[in-house]
Amino acid sequence: MARVLTPRAEDFPRWYQDLIAKAQLADNGPVRGTMVIRPAGYAIWERMQSEMDNRIKAAGAENAYFPLFIPESYLRREAEHVEGFSPELAVVTHGGGKQLAEPVVVRPTSETVIGEFMAKWVDSYRDLPLLLNQWANVVRWELRPRVFLRTSEFLWQEGHTAHADEADARAYARRILHEVYEDFMVNVLGIPVLVGRKTARERFAGATSTYTLEGMMADGKALQLGTSHELGQNFARAFDITYTSAERAVEHAWTTSWGVSTRMLGGLIMVHGDDNGLRVPPRLAPVQAYVMVVKAGDGVAEAAAKLRDALRDAGVRVGLDDRVDTPFGRRAVDAELKGYPVRVEVGPRDLAAGNAVLVRRTDGSKTPVPVADVVGAVRDALAADQQRLYDQALALRQARTVEVGTLADAVAAAATGWARVPWSVVGPAGEAEVNAQGVTVRCLLRPDGSVPDSDDEPDLVAVLARSY
C-alpha cells in the first residue's frame with residue numbers, strides 16, 4: 001500500500017492529489033481551474049447534500065432555483081459586494097453572435113439576483129421571514145486552483161433569507177451555523193470544527209457579520225468549511241427589499257446568507273485520509289459495508305449475496321464485489337483507497353469454518369466473525385468507528401493548538417498548527433502584519449469558546465493559522 005500513494009509525511013500536497021486520482025474521486029476539467037467529479041466522489045457529495053438538505057428544511061427554508069446569469073448592474077448596486085468579487089468574476093459580453101447590451105456575470109454567489117426577487121415577493125410583515133435555499137454551481141475565477149479546495153466552478157448550497165428585524169435575522173444566521181452546519185460537520189463528517197466570528201478583514205463582502213466553521217487538516221493547516229452571514233440592511237437598501245409593518249410603516253428587511261460547498265470533500269480527505277487512502281465516516285459513506293468474494297467456489301458467492309441482502313435489510317448501505325476474475329489483492333487495495341468503512345470478506349476457507357472476516361478501515365483490523373453474527377458486528381463497528389474518526393481528529397487539533405502571547409510566537413506556531421492569542425495583542429494592525437507572512441486570523445472566540453456578537457467584546461481570543 002505504501003507505493004500506491006505518496007506518504008503524507010513525505011509530501012502532503014502530493015498525497016492529496018494522489019488520493020483523489022487513485023480513489024477515482026475527481027479529475028481536472030478541460031478548462032484550467034475546473035473539475036470533473038467522478039461517480040465515487042459524486043456519491044459522497046450526494047450523501048452530503050441529502051444530510052444537509054434535511055437539516056436546512058428542518059430549519060424552515062425552502063428550496064428554489066435562480067438564474068446562472070446575473071446582470072452586471074445588479075452587482076454594482078452593493079458597492080462593497082462588487083468590490084469584493086471583482087477579481088473573481090467571469091463576465092459574458094457576447095451571446096448569439098452579438099455583443100450584449102449589458103454584460104452578464106456568471107454567478108459567484110446569488111445575493112444580488114435573489115435580492116431582486118425578494119423585493120418583488122415581499123410586501124407585508126406577513127411575508128416574513130422569507131427563507132430560501134438553492135443547490136447550484138457558482139463560478140469564481142481561481143488563479144491557483146486545487147481540486148475540491150479552490151476551483152473556478154464548484155457546487156454548493158446557498159441560503160438567503162429576509163426578516164422583519166435584526167434580532168430575528170441574527171438568530172436565524174446562528175441557527176444555520178449551529179443546527180445545520182455544526183451538527184452536520186461534527187455528527188456526520190466526524191470533523192471537530194471551531195465555530196467563531198470572522199474579523200472585519202475576513203468578512204464576506206457586503207456582510208455586517210460573518211460566522212465561520214474552521215477545521216484543522218492533518219498537516220495542521222486550517223480549512224474554512226462553511227460560513228453564515230448577517231447582511232444587515234445593506235442588500236435590502238440596494239435592492240429595495242421593503243415591507244409594511246403591523247404599524248403600517250414601510251421598513252427595510254434584514255437579510256442573511258449562508259453556504260457550504262464541495263470544498264467539504266477536500267476537508268474530508270485531508271482530515272480523515274491516511275497513507276492507504278480515504279477513510280469515509282460511516283454515517284456519511286455511500287457504501288458502509290462492502291461484501292467481497294475472496295475466491296469462487298464452495299457456495300462462497302451465494303453466501304456473500306445472502307450477507308449483502310441481510311445487511312441491506314438491516315438498514316446498512318451495502319455493496320457487493322464478486323469480480324473473481326480480478327485478483328483479490330487489487331480489489332482490496334481499491335476498497336482501501338475508496339475508504340469503505342467496513343469490508344466483509346468471504347472466502348472458501350473461512351466459510352468452511354462458518355465465518356466471514358470483518359475488516360475495519362479505521363485501523364485495518366481483521367476479525368473472523370460467525371456468519372450469523374456479521375450484521376450485528378458490522379453495525380457495532382460502524383458506530384464505534386464513526387466516533388473513532390472524530391476522536392482522532394479532535395486529538396490532533398488539541399495536540400497542535402497552542403496558547404501564545406505574542407504575534408511572533410503565533411506565526412511560529414502556525415508553521416505546524418494553530419495559535420490562540422488575545423485579540424487585543426493582534427488587532428487590525430497585527431492582522432495585516434501576520435497576513436504578510438501567510439498567516440490569517442481564522443476566527444474570534446469568547447474566552448469560554450462561544451461565538452461573539454461583535455469584534456469589540458472584551459477579552460476575545462483570536463485563532464491564527466495558515467490555511468487552504
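The second largest cavity in this predicted model is lined by Arg279, Val280, Pro281, Pro282, Pro341, Arg361, Thr362, Asp385 and Leu389. Its volume is about 40 Å³. Sorted by class, the residues around the second largest cavity are 5 nonpolar, 1 polar and 3 charged.

That brings me to the other enclosed space. The count of cavities of 30 Å³ or more comes to 2, and the largest cavity holds about 60 Å³ of space. Around the largest cavity stand Glu111, Ile114, Gly115, Met118, His160, Thr161, Leu231, Phe235, Ile241, Thr255 and Thr256. Which elements supply at least two residues each to the lining of the largest cavity? They are helix 5, residues 111-121, together with strand 8 and strand 14. Helix 5 contributes the most, with 4 residues. The lining of the largest cavity divides into 5 nonpolar, 5 polar and 1 charged residues.

Allow me to stay for a moment with one residue of that lining. Phe235 lines the largest cavity and belongs to helix 7, residues 234-239. With a relative accessible area of 2%, Phe235 is buried. From Phe235 to Asp321 there are 86 residues in sequence, and the C-alpha atoms of the two lie 53 Å apart in space.

I turn now from the cavities to the open spaces. The largest pocket has a volume of about 1,600 Å³. Several elements give two or more residues to its lining: helix 4 (79-85), strand 8 (153-163), strand 11 (222-230), strand 14 (254-261), helix 8 (263-272) and strand 22 (440-445). Strand 8 and strand 14 are thus elements that we have already met at the largest cavity. In total, 43 residues line the largest pocket, and those nearest its centre are Glu88, Arg140, Arg150, Gln224 and Arg263. By class, this lining comprises 16 nonpolar, 13 polar and 14 charged residues.

The next topic is the aromatic residues. The structure contains 10 aromatic pairs. In one of them, Phe12 and Trp15, the ring centres are 5.1 Å apart and the planes meet at 40°, so the pair counts as tilted. Both residues sit in helix 1, residues 12-22, and are separated by 3 residues, about one turn of the helix. Phe12 and Trp15 are both buried.

Another tilted pair is made by Tyr172 and Trp258, with 6.2 Å from centre to centre and 55° between the planes. Why can this pair be said to tie together separate parts of the chain? Tyr172 lies in helix 6, residues 166-187, while Trp258 lies in strand 14, so the pair links parts that are 86 residues apart in sequence. Both Tyr172 and Trp258 are buried. In addition, Phe66, Phe117 and Trp121 make up one aromatic cluster.

Rings also meet charged groups here. Arg8 lies over the face of Trp15, 5.9 Å from the ring centre; Trp15 is also the partner of Phe12 in the pair just described. The charged end of Lys221, in turn, sits over the ring of Tyr468, at 4.9 Å from its centre.

Let me continue with the backbone. Where does a cis peptide bond occur? The bond from Leu128 to Pro129 is cis, with omega near 0°. Pro129 is part of the loop between helix 5 and strand 7, the latter covering residues 130-139.

Positive phi values are found in residues other than glycine as well. Asp298 has phi near 55°. This residue is in the loop that joins strand 15 (289-293) to helix 9 (300-313). Is Asp298 buried or exposed? Its relative accessible area is 70%, so Asp298 is exposed. Asp459 likewise has a positive phi, near 65°, and is placed in the loop between strand 22 and strand 23 (461-465). At a relative accessible area of 62%, Asp459 is exposed.

I close with the chain as a whole. The chain has 14 helices and 23 strands. Of its 468 residues, 54% count as buried. The C-alpha trace spans about 80 × 55 × 50 Å along the principal axes. For a compact globule of 468 residues the radius of gyration would be near 23 Å, and the value of 25 Å for this chain agrees with that.

Notes:
Residues numbered from 1 in each chain as written. Predicted model: local features only at pLDDT ≥ 70, side-chain atom pairs only at ≥ 80, totals over all residues. Heavy atoms only, no water. 1 Å grid on protein atoms, 1.4 Å probe; cavity = no way out; pocket = protein on both sides within 12 Å on 5 of 7 lines; lining within 4 Å. Points joined across faces, edges and corners; volume = space filled by probe spheres on them. Nonpolar A, V, L, I, M, F, W, Y, C, P; charged D, E, K, R; others polar. Phe/Tyr/Trp six-rings, centres within 6.5 Å; stacked < 30°, edge-to-face > 60°. Buried < 20%, exposed > 50% of the residue type's maximum accessible area, 1.4 Å probe, protein only. Lys NZ or Arg CZ within 6 Å of the ring centre and 35° of its normal. Rg over C-alpha atoms; globule rule 2.2 N^0.38 Å.
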